[in-house]
Amino acid sequence: MDLEYTPRQQAFRAEVRAWLEANVPREPLGSFDTAEGARQHRAWEKRLDAAGYAMVPWPVEYGGRGADLLEWLIFEEEYYRAGAPRRINQNGIFLLGPTIMEYGTPSQKARFLPKIASSEEVWAQGWSEPNAGSDMAAIATTALRDGDHYVIRGQKTWASRGAFADWLFGLFRTDPASERHHGLSFVLVPLNIPGVTVRPIAQLDGETGFAEVFFDDARVPVANRLGDEGAGWSVAMSTAGFERGLMLRSPARFQDTARRLVELYRANAADAEERVRDEVIRCVVAAEAYTLETYRTVSRMLAGGKIGAEASLNKIFWSELDIRMHELALELLGDRADLLPEAPAAEGVGDWLDAYLFSLSGPIYAGTNEIQRNIIAERILGLPR
Ligand SMILES: Cc1cc2nc3c(=O)[nH]c(=O)nc-3n(C[C@H](O)[C@H](O)[C@H](O)COP(=O)(O)OP(=O)(O)OC[C@H]3O[C@@H](n4cnc5c(N)ncnc54)[C@H](O)[C@@H]3O)c2cc1C
């Protein structure tokens, strides 16, 4: 294994760093779970895209720059290092995009990928339903064939950023007689058509980016199906693999939190117990270990491998590490831990509380950690169901 960067990779890093230093907004953008914040984030995405940085590993014709996944990891490291805005279209760029790349027809690629790259079309993810969460094979929303259209009826819920999204991708039951993971298809649905109602859900922090989506005989062309009819489950598993195993939470995110945690420790070291210092060090080491593990996954993918069940190990690792780091931060802040970002005395520390609350959802979204442990038990360790 060669852990050195090539001259080409170093030059790429320098170029990305210089661009981000010159272009990242000085003032943080509003939250993308608010209407104004969503607008600001879309504008930022447009600038990224214009500079060719929306999704560097995609082919140039689809809005990328034909970089490899190692360069994408470098880009991510620089992106977090620069404190650049969170990606409002993360469902599109990190999850749907790679899935279209794998399963899309040439016309689907040409139609959807450039608008994902520019975030002209922001995507929501539509798996969960009121009675289908962990048990995703219980999906009941139907998409029934009527000529060259599907007629969709039912409900999705917990669609992140759904309130401000333009499109939703998800699994729908195209064979009404089917059961479990058979008879499902992966369909791309515009959210602004008749028969679709998007209703925002207030989150713990009061913002309303989350949404439930109701389908009341909404008509979508059959051409919006990704992959074969009835084969949606395997398409969705590919999307979930990208989500848990690589793209949604790149290691740079956790390295960045670890770096800020060290700064916080230094600023509060005088009052901190030795135990806290040791735990901070363990988090730094864990973030580095996750980074190296991701480099290994990417090297394997570059050699033609695929992300498999080990994505579940990743997902548990990053979600639990994220909580640990934020708990430590609150411990270091002591009495100030409860301050919201807008509190007069917060002086920048309030973001830790906000991020701590979000970290608590890590073991739930992208498939709960209990479900990931089931997958590890059955598919990696070969234990009985
Ligand atoms: C911040 C956030 C963002 C989300 N974004 C989206 C999104 O964009 N799109 C989307 O479709 N969904 C999204 N979700 C929903 C998420 O995928 C579901 O919440 C998750 O899959 C769990 O489903 P559930 O809430 O119905 O809980 P349930 O499935 O009812 O689970 C309840 C509890 O039982 C446990 N459990 C269930 N089955 C088993 C089992 N077989 N073995 C052991 N334990 C089990 C679970 O681990 C959990 O602790 C999001 C959730 C959160 C918190």
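**Ligand contacts**

I looked up Asn374 in this predicted model and found an N or O atom of its side chain 3.1 Å from a nitrogen atom of the ligand. I then noted how much of the ligand is covered: taken alone it exposes 970 Å², and the protein buries 63% of that.

I checked two further contacts. For Ser134, a polar side-chain atom lies 2.6 Å from an oxygen atom of the ligand. For Trp158, the atom involved is a backbone N or O, and it lies 3.1 Å from a nitrogen atom of the ligand.

**Ligand shell**

I listed the residues around the ligand and got 18, of which Ser134, Trp158, Ser160, Thr368 and Glu370 come nearest. I sorted the shell by class and recorded 7 nonpolar, 10 polar and 1 charged residues.

Which elements supply at least two residues of the shell? I wrote down strand E1 (123–126), strand E3 (149–159) and helix H11 (369–380). By domain, I see at least three shell residues from domain 2 (123–231) and at least three from domain 3 (249–380).

**Cavities**

I turned to enclosed space in the protein and counted 3 cavities of 30 Å³ or more.

**Largest cavity**

I recorded a volume of about 100 Å³ for the largest cavity. Its lining has 14 residues, and I noted Tyr80, Arg86, Arg87, Phe94 and Arg253 as those nearest the centre. By class I entered 7 nonpolar, 2 polar and 5 charged residues for this lining.

I looked for helices in the lining of the largest cavity and found that H3 (69–81) and H4 (90–103) each supply at least two residues. H3 gives the most, with 3 residues.

Where does the largest cavity lie with respect to the domains? I place it between domain 1 (7–88) and domain 3 (249–380), because both give residues to its lining.

**Second largest cavity**

I put the volume of the second largest cavity at about 40 Å³. I read its lining as Arg249, Arg253, Phe254, Trp318, Ser319, Asp322, Phe358, Ser359, Gly362 and Tyr365. Arg253 thus appears in two of my entries: it lines this cavity, and it is among the residues nearest the centre of the largest one.

By class I noted 4 nonpolar, 3 polar and 3 charged residues in the lining of the second largest cavity. I found at least two lining residues in each of helix H7 (251–268), helix H9 (311–333) and helix H10 (350–359). The largest share, 3 residues, I assigned to H9.

Methods:
Residues numbered from 1 in each chain as written. Predicted model: local features only at pLDDT ≥ 70, side-chain atom pairs only at ≥ 80, totals over all residues. Heavy atoms only, no water. 1 Å grid on protein atoms, 1.4 Å probe; cavity = no way out; pocket = protein on both sides within 12 Å on 5 of 7 lines; lining within 4 Å. Points joined across faces, edges and corners; volume = space filled by probe spheres on them. Helix = DSSP H or I, 4+ residues; strand = E, 2+ residues; numbered from the N terminus. Nonpolar A, V, L, I, M, F, W, Y, C, P; charged D, E, K, R; others polar. Domains from an automatic or database assignment. Near = heavy atom within 4 Å. Polar contact = N/O pair within 3.5 Å; in protein donor to acceptor, adjacent residues only side chain to side chain. Areas by Shrake-Rupley, 256 points an atom, 1.4 Å probe, with all protein chains shown as cover.
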